[in-house]
Amino acid sequence: MSINGPKIYYEIPIFGGIPITETTVSVLVVTLILCIAGFLLGRNLTRRPGKIQVLVEKGVTMLRKMVIETMGEHNAHWVPFIGTIFLSSILGSLIGMTGFLKSTTANVSVVLVWAISVSVLIWYHSIKNNGFLGWLKGFTEPIVVMTPMNLVSEIAQPLSMAFRHFGNVIGGSVISSMIYTALAGLTSILVSLVVKNGLSVCFVVLAVGLLLTILGFKKHKLLLKILGIILSILGIFALLEHFRIIGSVPFLQVGIPAVLSLYFDLFSGFIQAFVFCLLTMVYISGACPPPEESEEAES
């Protein structure tokens, strides 16, 4: 796993060069998947839904309920927007698990565009509901104290949203990469240590591993199973390297990184998408109050 910046595939020779990077391709793939999924799942809807339609309707109902509870019934029209951000974030994180596409949320430019878009929508609706002068009023009263703080707040809001999401995703990638590299080094050390002590030690490690594996299955002990399997594989690869059949194989990289990926790509990705959408709903609802509150503010 690489923690370098996105690779540039091609550069369009206009406007000084527009790079087509891994992230650009991933964003296009995510967009295409969401469009195709929306088309396929939204057609041929029936009054007596099948299993897939039931699941889709359940998901839409849950999303609508969350938006209404957070933003109010009058803001129910924001459901498609919130759903798009949520699905784009989730799928953007998951697409990095393919191995050949880069996670879109691991690029700060992507989440920063989302955050700036949310801020622009907030400013638009604030001006629409309060008027331009009413919107500026928050920056000018009182002049000395509030103006700098409000300006900093308006700038910090999209930055904090973007870097919170990006930081958690890229942090998980960095941790996974460090562990992945450490496991490769540990494998090389263990295999070399066994091989240097001779052929008999290779057979002993293999025999102990097989014995622990058998005991683990008989006594239903997970720890014995894991330890036995690791020692068995270590013994096998030590023998193969001793007879110069193959070189050192980083077998410890199999399994453990997959567990980490389940956490950082699935669980953490879902949580970050939810938090980003929750903040989006809170900020937008503040700029889109109920109609009666808007009328009172105008009066």
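At 45% relative accessibility, F163 counts as partly exposed, because the partly exposed class runs between the 20% limit for buried and the 50% limit for exposed. F166 falls on the other side of the lower limit: its relative accessibility is 18%, so F166 counts as buried. In this predicted model, these two phenylalanines sit in helix α5, which covers residues 143–196. Being three residues apart there, they are separated by about one helical turn.

A pair of aromatic rings is described by the distance of the centres and the angle of the planes. What are these two values for W78 and F81? The ring centres of W78 and F81 lie 5.7 Å apart and the planes stand at 70°, so this pair is edge-to-face. W78 is buried, with a relative accessibility of 7%, whereas F81 is partly exposed at 25%. F163 and F166 also form an edge-to-face pair, with 6.5 Å from centre to centre and 80° between the planes. The count of aromatic pairs comes to four.

With those rings in view, let us step back to the whole chain. The protein has nine helices and two strands. Starting from the N terminus, the two strands come before the helices, in the order β-β-α-α-α-α-α-α-α-α-α. Of the 299 residues in the protein, 31% are buried.

Now follow the chain into the loop between α1 (22–42) and α2, where N44 is found. The phi of N44 is near 55°, a positive value in a residue other than glycine. Is N44 buried or exposed? With a relative accessible area of 63%, N44 is exposed.

Next comes helix α2, made of the 21 residues 51–71. From its first C-alpha to its last, α2 reaches 30 Å, close to the 30 Å expected at 1.5 Å a residue. Which residues of α2 are buried? They are Q53, L63, V67 and M71. Looking down the axis of α2, you would find these buried residues within an arc of 100°, so they line one face of the helix. The face turned away from that buried side carries exposed residues: K51, L55, K58, T61, M62, K65 and E69. Just after α2 comes G72, which takes a positive phi of about 100°.

A salt bridge can be found in this part of the chain too. The side chains of E73 and R64 meet at 3.6 Å, N to O, and the count for the model is one salt bridge. E73 is exposed, with a relative accessible area of 52%, while R64 counts as partly exposed at 39%.

Further along, another loop lies between α6 (199–219) and α7, and H220 has its place there. H220 has a positive phi of about 55° although it is not a glycine. With a relative accessible area of 66%, H220 is exposed.

Helix α7 spans residues 222–242 and has 21 residues. Its reach from first C-alpha to last is 30 Å, close to the 30 Å expected at 1.5 Å a residue. The buried residues of α7 are G228, S232, L234, G235, F237, A238 and L239. After α7 comes R244, whose phi is positive, near 55°.

Our last stop is helix α8, residues 256–287, which holds L278. At 31% relative accessibility, L278 counts as partly exposed. Together with M97, Y263, L266, F267, F270, I271, F274 and V282, L278 makes a nonpolar surface patch of about 770 Å².

S268 is found in helix α8 as well. Its relative accessible area is 11%, so S268 is buried. Which residue, 100 residues away along the chain, has its C-alpha atom 7.8 Å from that of S268? The partner is N168.

Key
Residues are numbered from 1 along each chain as its sequence is written. Side-chain values use heavy atoms; hydrogens and water are left out. Helices (H or I, at least four residues) and strands (E, at least two) are DSSP runs, numbered from the N terminus. The expected span of a helix is 1.5 Å times one less than its number of residues. Buried means under 20% relative accessible area, exposed over 50%, partly exposed in between (1.4 Å probe, protein chains only). The arc is that of the directions from the helix axis to the C-beta atoms. Patches are made of residues with over 30% relative accessible area and no salt bridge: like charges are joined within 9 Å, nonpolar side chains (Val, Leu, Ile, Met, Phe, Trp, Tyr) within 5 Å. Accessible areas come from the Shrake-Rupley method with a 1.4 Å probe; for residues, only the protein chains shown count as cover. A salt bridge is a side-chain nitrogen of Lys or Arg within 4 Å of a carboxyl oxygen of Asp or Glu. Rings of Phe, Tyr and Trp (its six-membered ring) pair if their centres lie within 6.5 Å; planes under 30 degrees apart count as stacked, over 60 as edge-to-face and the rest as tilted.
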